[in-house]
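Here are a few short exercises to help you find your way around a new protein. Have a look at the sequence and the model, then work through them one by one.

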Amino acid sequence: MEAANCGLSQLKLSNLHTHNNITRQKHASSCCKFTIGSSKDTKRTKKTLTCCSHSSSNKDGGVSKSNIGGLVLKPQAGRAYYSAGVRTYEENSFDVNAHTNEEKIGVLLLNLGGPDTLQDVEPFLFNLFADPDIIRLPRSFRFLQRPLAKLISVLRAPKSQEGYASIGGGSPLRKITNEQANALKDALETKNVHVNVYVGMRYWYPFTEEAVEQIKKDNITRLVILPLYPQFSISTSGSSIRLLQNIFREDHYLARLPVSIIEAWYDRTGYINSMADLIEKELTTFTNSEEVMIFFSAHGVPVTYVEDAGDPYRDQMEDCVSLIMKELKHRGIKNTHTLAYQSRVGPIQWLKPYTDEVLVELGQNGVKSLLAVPVSFVSEHIETLEEIDMEYKELALESGIENWGRVPALGCKSSFIADLADAVIEALPSASSMSTTAASTTKKKSSENANIDPLQYAAKIFFGSFLAFILLLSPKLISFFRGNPML
Ligand SMILES: C=CC1=C(C)c2cc3[nH]c(cc4nc(cc5[nH]c(cc1n2)c(C)c5CCC(=O)O)C(CCC(=O)O)=C4C)c(C)c3C=C
Ligand SMILES: [Fe+2]
C-alpha cells in the first residue's frame, strides 16, 4: 500500500481512482500508484490516478474497475474505498483538523438489521429473501424474486421465530448498533472530529432509506459509509452498497455528495489486536489454556458467490484469521486453530467446511477443549446467541468436547471503536461524488434491454409464472418444504 501525508491533515490516505471500462474479474492484483492532493487549500482539484489493485486489464489495454457480482467497485489500495466514477474524478482536498462550520460530516453505519419482535420475523425474512444479492436469480427470472421470497419467508418463519424466541423474542442488533453509533461519535469527538452518525439497516428498522432521508434533512456535506462487516461479501456490504448506489443515483443532492465507502476493514491493526485481546482473555478461563483449540466460526455464503461471482469473502476471511493468529503468536500464544462456516440456508452448497460437521469430527478425534470465535460480525446476534451458544455447544459436548468457551463479539470494546474512528478519519479526504455513475448505468441498462428477444422473454415469463403459481399454491409442496430441516 502506498500512502501519503496530506498536508495539514496528517492523515494516511488510501486510494482514489476509478476507470471507465467494466469487466468481470475474480482475482485481485496489488500494484498501485497514486498521488494525493497535498495542498492546504479547500478547493477541489482534478486528478488522474492509475491503479491496478483489484482491477484487471481489458482488451483495450485499459485498467478496469472491480466487478464483484455485478457490483462495480473502485479499485483498492490498502484499505479500500468503494466509489463509482470515471477515470478522472474530482477529489476534495480535505483537512480534518481545519474543517469549517460549513462542512457537516456524516458517518453512515450499515448493518443487516433484525426483527424487534416475533411478529416482525416473517416480514424481515421477506425483505431478506427479496434481495437479489441474497437469492441470486438469473436476470430474466428476477420477476420471481418476490413470490419466491414470500414462499421462503412463510416456510422459514416458524423455525426462525423459535430461534428469536430463545434469545428473548427479537434481535439485539438494533440496540447494539445504536450503542456502537454513539460510541463512535464519542470516539470521534475525542479526536476532535465532529460528526453525525446514522444507522441504516438493510432488512429492518431503521432502514437505510430512512437514514439517507435524515442525512438529506441534516444537509450533510461529506459522508463516510462504514459497513459493520469486517470482510466484504456481495450478500452483506455489497448488497447495502448497491442499494445506496441506486438511491444516490436518483437524487440530485445525494448524487453530488462527496462520499467515501470503507469497503472492508478486517486487516486493520486495531481490529486484529482487539480480536486477539478478546481471545487471549477468554483463553485464561480454561484450566488447560495451551490445549484449547481456537475455533473460528464465520457466517457462510453459497459457494457460487465466491467461485462464480468473485466474492472476495472467503479470501478475506482466511486472511483475517491468519492475521489474528499471527498477532496471537506474537504474544506467545501458540494454540492450534481452525476455521469453519456456519448458518447455511437451503439445499445448496455453502462454503466448507461446515461448522457442525467440523465440531463432530474434532470431538471424535479427541479434541477436549474448544474456544469458539465468531469472526464475521461485530455484534451479538441470533447466530452467536442461539446457533453457537446453544446448538453448536450442545453438539460439541455430545461429540466428546468437554470444555467449551466462546469469545464475545466486539460490540463497543473501546480499542475497536477507536480503530473505527481512525478508519473514518482516514476515509474523509477521499470522498468523491457518485454522480458519474448515473450516465454509465443508464447506458448499460438500455443496451441490456435492446438485446432482449421478445419471444424468448414471453416464454420465460410464462414458464416463470407457472413455476411461481405451482410453488405458491401447492399445499403438498409447502408441507414438504416445511419438513425440510434446511429451511
Ligand atoms: C457476514 C455476515 C453475514 C453473511 C455473509 C450473511 C449471508 C447470508 N445470510 C443469509 C440468510 C439469513 N441471515 C439471517 C440473519 C442474519 N445474517 C447475518 C449475517 C450474515 N449473513 C446477521 C447479522 C443476521 C441477523 C441476526 C439477528 O440477530 O437478527 C437470517 C435470519 C435468521 C435465520 O432465520 O437464521 C437468514 C435467513 C443468506 C441466505 C446469506 C447469503 C446469501
Ligand atoms: Fe445471514
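**Exercise 1.** In which loop is P206 found?

Keep in mind that you're looking at a predicted model. Start by finding the strand β9 (195–201) and the helix α4 (208–217); P206 sits in the loop that joins them. Next, check the bond leading into P206: the peptide bond from Y205 is cis, with omega near -10°. That's worth a second look, since most peptide bonds are trans.

**Exercise 2.** Find the loop between β13 (337–342) and α10 (355–364), and work out what is special about P353 and S343 there.

Step one: P353 belongs to this loop, and the peptide bond from K352 to P353 is cis, with omega near 0°. Step two: S343 lies in the loop between β13 and α10 too. S343 isn't a glycine, yet its phi is positive, at about 65°. Then hop over to N219, in the loop between α4 and β10 (222–227). N219 is another non-glycine with a positive phi, this time about 55°. Most residues other than glycine have a negative phi.

**Exercise 3.** Which residues are closest to ligand 1, and which polar contacts can you find there?

First, the neighbours: 28 residues surround ligand 1, and the closest are R156, S160, Y164, S171 and I382. Now look for polar pairs, using a cut-off of 3.5 Å between N or O atoms. S160 has a polar side-chain atom 2.4 Å from an oxygen atom of the ligand, and for Y164 the distance to a ligand oxygen is 2.6 Å. A nitrogen atom of ligand 1 also lies 3.0 Å from a side-chain N or O atom of H299. Finally, the cover: on its own the ligand exposes 800 Å², and the protein buries 97% of that.

**Exercise 4.** What is the shell around ligand 1 made of?

Sort by residue type and you get 17 nonpolar, nine polar and two charged residues. Sort by element and α1 gives the largest share, four residues. Sort by domain, and domain 1 (22–266 + 415–446) and domain 2 (269–409) each supply at least three residues.

**Exercise 5.** How many residues does each domain bring to the contact between domain 1 and domain 2?

Begin with the domain assignment, which gives domain 1 (22–266 + 415–446) and domain 2 (269–409). The contact takes 34 residues from domain 1 and 31 residues from domain 2. As for area, about 2,700 Å² is buried between the domains, and carbon and sulfur atoms give 62% of it.

Key: Residues are numbered from 1 along each chain as its sequence is written. Chains are lettered from A and ligands numbered from 1 in the order in which they are written. This is a predicted model: local features need pLDDT of at least 70, side-chain atom pairs count only at pLDDT 80 or more; totals for chains, interfaces and linings use all residues. Side-chain values use heavy atoms; hydrogens and water are left out. A residue is near a molecule or strand if one of its heavy atoms lies within 4 Å of it. A polar contact is a pair of N or O atoms within 3.5 Å; within protein, one must be able to donate a hydrogen and the other to accept it, and residues adjacent in sequence count only if both atoms are side-chain atoms. Accessible areas come from the Shrake-Rupley method with a 1.4 Å probe; for residues, only the protein chains shown count as cover. Helices (H or I, at least four residues) and strands (E, at least two) are DSSP runs, numbered from the N terminus. Ala, Val, Leu, Ile, Met, Phe, Trp, Tyr, Cys and Pro count as nonpolar, Asp, Glu, Lys and Arg as charged, and the others, Gly among them, as polar. Domain bounds come from an automatic or database domain assignment. Contact means heavy atoms within 4.5 Å. Buried area is the accessible area (1.4 Å probe) that two parts lose on being put together, summed over both.
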